[in-house]
Amino acid sequence: MPTWLWVDALIRRAQVAGASCFVLQKGDRSRGDVLVTVANLHGGARAYVPRTSMEGERIFSDVRLQGVGEDEASVNEYVRRARERDPDLWVLEIEDRDGRHFLTEPVETPEES
């Protein structure tokens, strides 16, 4: 599935659930990776990045597993560095009071590790 179509679907899922989703950076339409940030509107934030599981499927990993904090400043700094490294990166920001990410792929979090 082309990246732009996956991004469109995530935006729509967030909107249907009453959240907002913004494209902060457009990457490669066909093959760009996607970094998803979630702001809970209370000063907290998280970020999720794709990776391939041992079984070869696409999953997302919570960047807290890499030592990134849950405050907006820490997440914004992580995003800034990621954007510098990868010009084909899509960066999405979801604003949701409940902190939902709306990803349908499996999500690896610190609680599961």
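Two strands are taken to pair if DSSP finds at least two bridges between them. By that criterion, strand β2 (residues 34–39) pairs with strand β5 (residues 90–95) in this predicted model. Six bridges join the two strands, which run parallel. Thr37 has Glu93 of β5 as its bridge partner.

The wider arrangement is an open sheet of six strands. Its order is β1-β5-β2-β3-β4-β6, and the pairing is mixed. The edges are formed by β1 (20–25) and β6, each of which pairs on one side only. In general, strands of a sheet pair through backbone hydrogen bonds, either parallel or antiparallel.

Both senses of pairing meet at strand β4 (residues 58–62). Strand β3 (residues 45–52) pairs with β4 in the antiparallel sense, over five bridges. Here Tyr48 is matched with Asp62 of β4. Five residues lie between the strands of this hairpin. Gly56 takes a positive phi there, near 85°. Strand β6 (residues 107–108) runs parallel to β4 and is joined to β4 by two bridges. Val107 of β6 is the bridge partner of Phe60. Strand β4 is also mostly covered, with four of its five residues buried.

Two helices were examined for span and burial. Helix α1 (residues 3–16) has 14 residues. Its first and last C-alpha atoms are 20 Å apart, close to the 20 Å expected at 1.5 Å a residue. Its buried residues are Thr3, Trp6, Val7, Leu10, Ile11 and Ala14. Seen down the axis of α1, these residues fall within an arc of 135°, so they line one face of the helix. The general geometry is simple: an α-helix has 3.6 residues a turn, so residues three or four places apart point the same way. Exposed residues Arg12 and Val16 sit on the face of α1 turned away from the buried side.

Trp4 also belongs to α1. Its relative accessibility is 31%, so Trp4 counts as partly exposed. Together with Met1 and Leu5, Trp4 makes a nonpolar surface patch of about 320 Å².

Helix α2 (residues 72–85) likewise has 14 residues. The span expected at 1.5 Å a residue is 20 Å, and the end C-alpha atoms are 20 Å apart, which agrees. Val75, Tyr78, Val79 and Ala82 are the buried residues of α2. They cover an arc of only 100° around the axis, which puts them on the same side of α2. Ala73 and Glu84 are exposed on the face turned away from that side.

The count of salt bridges comes to eight. Among the residues involved, Arg46, Asp62, Arg64 and Glu70 are linked in a network. Arg46 and Glu70 meet at 3.0 Å, N to O. This pair links distant parts of the chain, 24 residues apart: Arg46 lies in strand β3, and Glu70 in the loop between β4 and α2. Glu70 also meets Arg64, at 3.6 Å. Arg64 in turn meets Asp62, at 2.7 Å.

Burial varies across the network. Arg46 counts as partly exposed because its relative accessibility is 29%. Glu70, at 42%, is likewise partly exposed. The cut-off for a buried residue is under 20% relative accessible area. Arg64, at 15%, therefore counts as buried. Asp62 is buried at 0%. Asp62 is thus tied into both parts of this picture: Asp62 is the bridge partner of Tyr48, and its side chain forms a salt bridge with Arg64.

Key
Residues numbered from 1 in each chain as written. Predicted model: local features only at pLDDT ≥ 70, side-chain atom pairs only at ≥ 80, totals over all residues. Heavy atoms only, no water. Buried < 20%, exposed > 50% of the residue type's maximum accessible area, 1.4 Å probe, protein only. Patch = residues over 30% accessible without salt bridge, like charges linked within 9 Å, V, L, I, M, F, W, Y side chains within 5 Å. Areas by Shrake-Rupley, 256 points an atom, 1.4 Å probe, with all protein chains shown as cover. Salt bridge = Lys/Arg side-chain N within 4 Å of Asp/Glu carboxyl O. Expected span 1.5 Å × (residues − 1). Arc of directions from axis to C-beta.
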